[in-house]
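Subject: Structure for you to look at

Hello,

Here is the structure, with my notes below it. Please have both open together.

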Amino acid sequence: MDGTTASRRLSALAEPKRLQVYRQLVATAPEGQCVSQLQVRIGLSQPALSFHLKELANAGLVTRRKAGRRAFYAPSFPAMHELMSYLMENCCEGQSCLNLLRDCEPATGTQSA
């Protein structure tokens, strides 16, 4: 992944309602949700929700599939994993992190508080 793609994905998630939409889709993965379900859960108008979904889709963070007259959106986990890998690329001085939830030791050799 390059910096431009990472910036586009981070920018898409930087808007609070879009982040809420993405998190709601993650909760129902892998099937995702139809727009009408999301609209009720998120509390956005249809045009506003469509705008946010389009931005997430343009960033590659969600996928869209049609089933009859309904459109379903789901998170693209490969895209998010790629973004997280890009962000964590230099974690732990290039070593493989055994546990991403623990604090990494800084390069100075002192344990972070």
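**Helix α5 and its surroundings**

P78 and H81 are exposed (over 50% relative accessible area, 1.4 Å probe, protein chains only) on the other side of α5 from its buried residues. This is a predicted model, in which local features need pLDDT of at least 70, side-chain atom pairs count only at pLDDT 80 or more, and totals for chains, interfaces and linings use all residues. Residues are numbered from 1 along each chain as its sequence is written, and side-chain values use heavy atoms, with hydrogens and water left out.

Helix α5 spans residues 77-87, and its buried residues (under 20% relative accessible area) are A79, M80 and L83. Seen down the axis of α5, they fall within an arc of 95° (taken from the directions from the helix axis to the C-beta atoms), so they line one face of the helix. Their cover includes α1 (3-13) and α2 (16-27). Helices here are DSSP runs of H or I, at least four residues, and strands are runs of E, at least two, numbered from the N terminus.

The largest nonpolar core (buried Ala, Val, Leu, Ile, Met, Phe, Trp, Tyr and Cys residues joined through side-chain atoms within 4.5 Å) has 21 residues. L53, L56 and L61 have the most contacts inside it. At least two residues of this core come from each of α1, α2, α3, α4, β3 (70-75) and α5. Leaving aside neighbours within four places in sequence, L56 is in contact (heavy atoms within 4.5 Å) with A12, L13, R18, V21, Y22, L61 and V62.

Regards
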